[in-house]
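This is a walk through one protein model, from the terms it needs to its overall form, its surface and a few single residues. Please keep the sequence and the coordinates at hand.

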Amino acid sequence: MIRKMYRILIALIAIIFGVFWMIAASSIGAPWFFSLFGLVFIAIAAFKIIRTVFSK
């Protein structure tokens, strides 16, 4: 149970980092594909959360 909560916590931190990355990249005027890099963090973290919640 603790291991699942730890994995979910790490994934939530990755989601927060991804959102921060997207906001920071767009605010400094970086090209659009730099902002999309934050979506990679969010997608991987969401996948990890879903996989952790539905695992035994």
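A residue counts as buried when its relative accessible area is under 20%, as exposed when that value is over 50%, and as partly exposed in between. The model to which these classes are applied here is predicted. Lys-48 gives a case of the middle class: its relative accessible area is 39%, so Lys-48 is partly exposed. Lys-48 belongs to helix α2.

The overall form comes next. The protein contains two helices and zero strands. Helix α1 covers 2–27 and helix α2 covers 32–53. Along the principal axes, the C-alpha atoms fill a box of roughly 45 × 15 × 10 Å. The radius of gyration is 13 Å, whereas a compact globule of 56 residues would have a value near 10 Å. Of the 56 residues in the protein, 14% are buried.

The surface carries a positive patch, and Lys-48 is part of it. The patch is formed by Lys-48 together with Arg-3, Arg-7 and Arg-51. Helices α1 and α2 each give at least two residues to this positive patch. A residue can enter a patch only with over 30% relative accessible area and no salt bridge. Lys-48 has 39%, so the value that makes Lys-48 partly exposed also lies over the 30% needed for a patch.

There is also a nonpolar patch on the surface, made up of Phe-17, Phe-20, Trp-21, Phe-37, Val-40 and Ile-44. Together these residues have about 580 Å² of accessible area. The elements that contribute two or more residues to the nonpolar patch are α1 and α2. One of its members, Ile-44, sits in helix α2.

Several single residues show how accessibility varies along the helices. Is Ala-25 buried or exposed? Its relative accessible area is 7%, which is under the 20% limit, and therefore Ala-25 is buried. Ala-25 has its place in helix α1. Between Ala-25 and Phe-37, which are twelve residues apart along the chain, the C-alpha separation is 9.4 Å. Phe-37 is also one of the residues of the nonpolar patch.

Ala-24 is in helix α1 too. With a relative accessible area of 28%, Ala-24 falls between the two limits and so counts as partly exposed. Ala-24 and Phe-34 lie ten residues apart in sequence, and their C-alpha atoms are 9.8 Å apart in space. Phe-34 is a residue of helix α2, and at 39% relative accessible area Phe-34 is partly exposed. A second distance from Phe-34 leads to Met-22: these residues are twelve apart in sequence, and 7.7 Å separates their C-alpha atoms.

The last residue is Met-5, which lies in helix α1. What is the relative accessibility of Met-5? The value is 48%, and because exposed requires over 50%, Met-5 counts as partly exposed. Met-5 and Gly-18 are 13 residues apart along the chain, with 20 Å between their C-alpha atoms.

Note on methods
Residues numbered from 1 in each chain as written. Predicted model: local features only at pLDDT ≥ 70, side-chain atom pairs only at ≥ 80, totals over all residues. Heavy atoms only, no water. Patch = residues over 30% accessible without salt bridge, like charges linked within 9 Å, V, L, I, M, F, W, Y side chains within 5 Å. Areas by Shrake-Rupley, 256 points an atom, 1.4 Å probe, with all protein chains shown as cover. Salt bridge = Lys/Arg side-chain N within 4 Å of Asp/Glu carboxyl O. Helix = DSSP H or I, 4+ residues; strand = E, 2+ residues; numbered from the N terminus. Lys, Arg positive; Asp, Glu negative; His and termini not counted. Charge placed at Lys NZ, Arg CZ, Asp CG, Glu CD. Buried < 20%, exposed > 50% of the residue type's maximum accessible area, 1.4 Å probe, protein only. Rg over C-alpha atoms; globule rule 2.2 N^0.38 Å.
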